[in-house]
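The following report describes the strand architecture, the packing and selected residues of one protein chain.

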Amino acid sequence: VYFSLFIVLLLTISTVFLYQRTNATMTKQASEYAEQVVDQVALNVKSYFNYMEDISNMSTGYKYGEDKYLSSALDSIKEVRQDIDSIYIFDEKMNLVYPEDDSIKLRENYDFKKEQWYKKAIEFRGESVISPTNVQRFVLDNNNWVVSMSKFLEFEELYGSRLLLIQMNYKVINDICSNIDL
C-alpha cells in the first residue's frame, strides 16, 4: 500500500512539474509569436506610410507656378496606385487647386478647420502627418472611409501656401495588417 501511495505521489508531482514547464514554454512561445506579428504589422504599415510620405515630399520639389507638372505627376501616381482613394491640393483659402476636375464638387461653406488632417497639417507645418480613419465629408457624394496624410506646403511669400491631402483607402491599411507572413 505504501509503495502504491509513493508511486501515485511521484506521478502527481511529475505531472504538476511537467504541466508547469510545458505551460511556461507555451506561454513564452505564444508571447514571442504575438510580438513577431505586431513587429511585422508595424514594419509593413511603416513601410507603406514611408512610401506615401515620399509621394508627399515629391510635391515640395515643385515651385509655385509649376502646378501643371505636379498635376501630371500626381495623375500618374493616382492611375498606378489603387490604394490611393484621392489626392487633393488646396490653396490657402481651401479652394481646390488639384485636381482640376469639374466633376469633383466640394460641399459649400465646409469647415475644413474641424478636420483632424487639417489641424495636424497646420500644427506640423512642412511635415507629413497621418490622421486616423475618417469619412471624406467635404466632397459631395463621397463618404469613403480613408486614412489621411496631409502636409502644409509653404512657398515663397508672394505665392502663398498649399495644403496637400492624400486619402488612402482604409481597406488597404486593413489588408496590410491582415496579410502577415511569418
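In this predicted model, strand β1 is mostly covered, with seven of its eight residues buried. Strand β1 spans residues 84-91 and has two partners in the sheet, β2 and β5, as the strand order β2-β1-β5-β4-β3 shows.

**Sheet architecture**

The five strands form an open sheet with antiparallel pairing. The edges are occupied by β2 (96-98) and β3 (129-135); each has a single partner strand, so one side of each lacks a neighbour in the sheet. On average, neighbouring strands of this sheet are turned by 30 degrees against each other, direction ignored.

The pairings of the sheet are listed below, each with one bridged residue pair.

| Strand pair | Bridges | Residue pair |
|---|---|---|
| β1 and β2 | two bridges | Phe90 and Leu96 |
| β1 and β5 | seven bridges | Asp91 and Arg162 |
| β4 and β5 | nine bridges | Lys151 and Leu164 |
| β3 and β4 | five bridges | Val129 and Ser150 |

Strands β1 and β2 also form a hairpin, with four residues between them. In the turn of this hairpin, Met94 has a positive phi of about 65 degrees. Towards β5, Ile84 of β1 has Met168 as its bridge partner.

**Strand β5 and the helices on the sheet**

How many of the residues of β5 are buried? Nine of its nine residues are, and the strand is accordingly described as mostly covered. Its side chains alternate between two directions: Ser161, Leu163, Leu165, Gln167 and Asn169 point one way, whereas Arg162, Leu164, Ile166 and Met168 point the other way. Both sets are buried, including the polar residues Ser161, Gln167 and Asn169 and the charged residue Arg162.

Two helices lie across strands of the sheet. Helix α3 (residues 116-123) lies across β1, β3, β4 and β5, and runs at about 170 degrees to β3. Helix α4 (residues 170-178) lies across β3, β4 and β5, and runs at about 55 degrees to β5. These two helices also mark the limits of confidence in the chain: the mean is lowest in α4, at 77, and highest in α3, at 92. For the chain, the mean pLDDT is 83, and 91% of the residues reach 70 or more.

**Nonpolar cores**

In soluble globular proteins, nonpolar side chains tend to be buried together. The largest nonpolar core of this model has 22 residues, of which Phe49, Met52, Ile87, Ile166 and Met168 touch the most other members. The elements that give two or more residues to this core are α1 (2-60), α2 (67-80), β1, β2, β4, β5 and α4. Helix α1 supplies the largest share, six residues.

A second, separate core has 13 residues, among them Phe90, Trp117, Tyr118 and Val139.

Met168 illustrates the packing in the largest core. Leaving out residues up to four places away in sequence, Met168 touches Tyr48, Phe49, Met52, Asp83, Ile84, Asp85, Ile130, Trp145, Val146, Val147, Ser148 and Met149. Among these contacts are Phe49 and Met52, which are themselves listed with Met168 as residues that touch the most other members of the core. Another contact, Ile84, is the bridge partner of Met168.

**Salt bridge**

The structure holds one salt bridge. Arg81 and Asp83 form it, their closest N and O atoms being 2.5 Å apart. Are these two residues buried or exposed? Both Arg81 and Asp83 are buried. Asp83 is also one of the residues that Met168 touches.

**Thr133 on the edge strand**

Thr133 lies in strand β3, which stands at an edge of the sheet. Its relative accessible area is 34%, so Thr133 counts as partly exposed, since that class falls between the limits of 20% and 50%. Apart from neighbours within four places in sequence, Thr133 is in contact with Trp145, Val146, Val147 and Tyr170. Of these, Trp145, Val146 and Val147 are also touched by Met168. The C-alpha atoms of Thr133 and Glu53 are separated by 17 Å, the two residues being 80 places apart along the chain.

How values were computed. Residues are numbered from 1 along each chain as its sequence is written. Side-chain values use heavy atoms; hydrogens and water are left out. Two strands pair if DSSP finds at least two bridges between them. Axes are lines fitted to C-alpha atoms, for helices over the stretch in contact, and angles run from 0 to 180 degrees between N-to-C directions. Contact means heavy atoms within 4.5 Å. pLDDT is the predictor's confidence in each residue, from 0 to 100. Buried means under 20% relative accessible area, exposed over 50%, partly exposed in between (1.4 Å probe, protein chains only). A nonpolar core is a set of buried Ala, Val, Leu, Ile, Met, Phe, Trp, Tyr and Cys residues joined through side-chain atoms within 4.5 Å. A salt bridge is a side-chain nitrogen of Lys or Arg within 4 Å of a carboxyl oxygen of Asp or Glu.
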